[in-house]
Amino acid sequence: MDDLRVVELVECTAAELARVVRAREASPSEVVEAHLRQIDRVNPGLNAIVTLRGDEALEDARRVEGEVREGVELPLAGVPFTVKDLIATGGVRTTAGTPFLKDFVPRGDATAVARLRRAGAILLGKTNCPEWGMFGYTRNSLFGETRNPVGPVTPGGSSGGEAAAIAAHCSPLGLGTDFGGSVRWPAHCTGIFALRPTAGRVPSTGQLPAPSMEEPFLPNEVTLQGRVQVVGPLARSIEDLELALRMIEGPDGLDPFVAGTPLVRVDDIAVERAAVWDGPASPDVRADVVATVWDAAEALDSAGVDVGAVHRKELERAVTLYSELRDTDRLQDVRRLVHGREHEVGDDVREAITSAEEFERLHPDLDTAPLWEERDRIRAAFVSFLDRYSILLMPVATVPPYPLDGPPPVVDGHEQGMWDVLAPCRLISLLGVPALSVPFGTSAHGLPIGVQVVGRPFREDEVLAAGRILAEAAGRRSSRTARSGVGG
């Protein structure tokens, strides 16, 4: 295969690859080989993919090729995909980025992984994440740091390896997890698309951390993480997100939180009303990020959507309530798993465990019920608001991606920590509603800025329909800029 053919195939979206495979214009083996060559070319500089199953992927490709010849219906026929290293992959090392699990190989796939593979998708490998997915960056003591293909800035986290791999065309499609922004923040940093589904849309079966290492891994039913962390897709197109979501959604008989609510086709949706919000007053959102949100609002307005500005007081409180509820989790799953072997985890995790133990010592009999009741009241008020405006546009994060090794970002004279930056994501996670990160602007330094599209529970169709309007508007704007550059 020559280099031009490699470029042609790795620049395709997942939906395009499935179409060309089904039309016999490319074989699954050819598609996988092209992506393996791309990985060989760029991954040494990115450190995005940490476990590669090259020979096994080619073997899978030959099997899928036979099924295509036999007329088996495979919506993702021959489409390569990658998976965050927090998510179980049967027979493939799954480390959660921790030395504690450096040699762990699950017996079975997470539900979402198994469903993609049954649809004809081919697993290429696992992508880097911070240890146990606990942080908003992507580095660990086991594999080191992942770099961003857009420049010397953070790729975000905790699905930063997945976002970097997709942005660098090592993979057209991937699975990540999102607790407090872990698919949306990396997508914002790398200029790709990512969807956080409604909590209860996609089974969380098979993701870590879990209450025990007994398979299949099931979510903790009493913690904030167990109740709001979701598995979600990352890709370079809205169409791919919808395609992946259709494959992975729905009950599996294992995750007790998953509902059987049908997903409406995005093509059948017309977005009529949307609200726009600058984001929380504290921590502050940088002016260029806010401007990008308003540019997106203008694009919806130009498409005939009725757009109005709002300020939601309950969302301001959700910023701090998320942190208060997360503190009550006390890292109980990680602490239970590594008990007696704390020396096998990294320094940052040990520090977090120490802080959780101190919180527990200071609040031994903490009653969390009032916090959950407040969360339910806030969620009810927000969902009622979304019955009037089915879509809310807001920032993904307070700033664009910032330098890997530089000082913390400063907004309006105030230094922001990692959790400050992720405040717009975290408050939406608390409410369990669907949210999409759409690349829509750039900073003065050319760094990507995403817009967060938030919708009603189990109405990912509306969220994706709004995202498609924005993606098309961004594409037209890029085309005009390119023509202007050529003309100048």
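Reader: In what order do the eleven strands of the open sheet come?
Author: Eleven strands take part in this open sheet, and their pairing is mixed; two strands pair if DSSP finds at least two bridges between them. Helices (H or I, at least four residues) and strands (E, at least two) are DSSP runs, numbered from the N terminus. The order is β1-β3-β2-β6-β8-β7-β14-β15-β11-β9-β10.

Reader: Which are the edge strands?
Author: Before the answer, please keep in mind that this is a predicted model, in which local features need pLDDT of at least 70, side-chain atom pairs count only at pLDDT 80 or more, and totals for chains, interfaces and linings use all residues. Residues are numbered from 1 along each chain as its sequence is written, and side-chain values use heavy atoms, with hydrogens and water left out. An edge strand here pairs on one side only. The two are β1 (49-52) and β10 (306-309).

Reader: What is the average twist from one strand to the next?
Author: Axes are lines fitted to C-alpha atoms, for helices over the stretch in contact, and angles run from 0 to 180 degrees between N-to-C directions. From one strand to the next, the twist averages 30°.

Reader: Which residue in β10 is the bridge partner of Ala275?
Author: β9 and β10 pair in the parallel sense, and four bridges join them. Across this pairing, the partner of Ala275 in β10 is Gly308.

Reader: About what angle does the direction of α3 make with that of β3?
Author: Helix α3 (residues 28-46) packs on the sheet, touching β1, β2 (80-84) and β3 (122-127). Contact means heavy atoms within 4.5 Å. The direction of α3 makes an angle with that of β3 of about 20°.

Reader: How many residues of β8 are buried?
Author: Val230, Gly232 and Leu234 point one way from β8, while Val231, Pro233 and Ala235 point the other way, and all are buried. Buried means under 20% relative accessible area, exposed over 50%, and partly exposed in between (1.4 Å probe, protein chains only). In a regular strand the side chains alternate between the two faces of the sheet. For β8 (residues 230-235), a mostly covered strand, the buried count is six of six.

Reader: Which residue in β8 is the bridge partner of Phe193?
Author: β8 runs antiparallel to β6 (residues 173-178), with six bridges between them, and Leu175 is partnered there by Pro233 in β8. β8 also runs antiparallel to β7 (residues 193-196), this time with two bridges. In that pairing, the β8 partner of Phe193 is Ala235.

Reader: Within what arc do the buried residues of α14 fall?
Author: Helix α14 (residues 369-386) has 18 residues and reaches 26 Å from its first C-alpha to its last, close to the expected 26 Å, which is 1.5 Å times one less than the number of residues. Its buried residues are Leu371, Trp372, Glu374, Arg375, Ile378, Phe382, Val383, Phe385 and Leu386. They line one face of the helix because, in the view down the axis of α14, they fall within an arc, taken from the directions from the helix axis to the C-beta atoms, of 165°.

Reader: How far apart are the axes of α11 and α16?
Author: Both helices are among the elements that cover the buried residues of α14. α11 and α16 are roughly perpendicular to each other (angles under 35 degrees count as roughly parallel, over 145 as roughly antiparallel, 65 to 115 as roughly perpendicular and the rest as oblique). Their contact includes Leu315 and Tyr322 of α11 and Arg426 and Leu430 of α16. They pack at about 75°, and the distance between their axes is 8 Å.

Reader: Which residues in α9 do Ala112, Arg115 and Leu116 meet?
Author: Helices α5 (residues 111-118) and α9 (residues 238-248) pack at about 110°, with their axes 8 Å apart. These two helices are therefore roughly perpendicular to each other. From α5, Ala112, Arg115 and Leu116 meet Ala244, Met247 and Ile248.

Reader: Is Pro251 buried or partly exposed?
Author: Pro251 has its place in the loop between α9 and β9. Leaving aside neighbours within four places in sequence, Pro251 is in contact with Arg115, Val258, Ala259 and Gly260. With 47% relative accessibility, Pro251 counts as partly exposed.

Reader: What is omega for the cis peptide bond that joins Glu215 and Pro216?
Author: Pro216 lies in the loop between β7 and α8. The bond that joins Glu215 to Pro216 is cis, with omega of about 0°.
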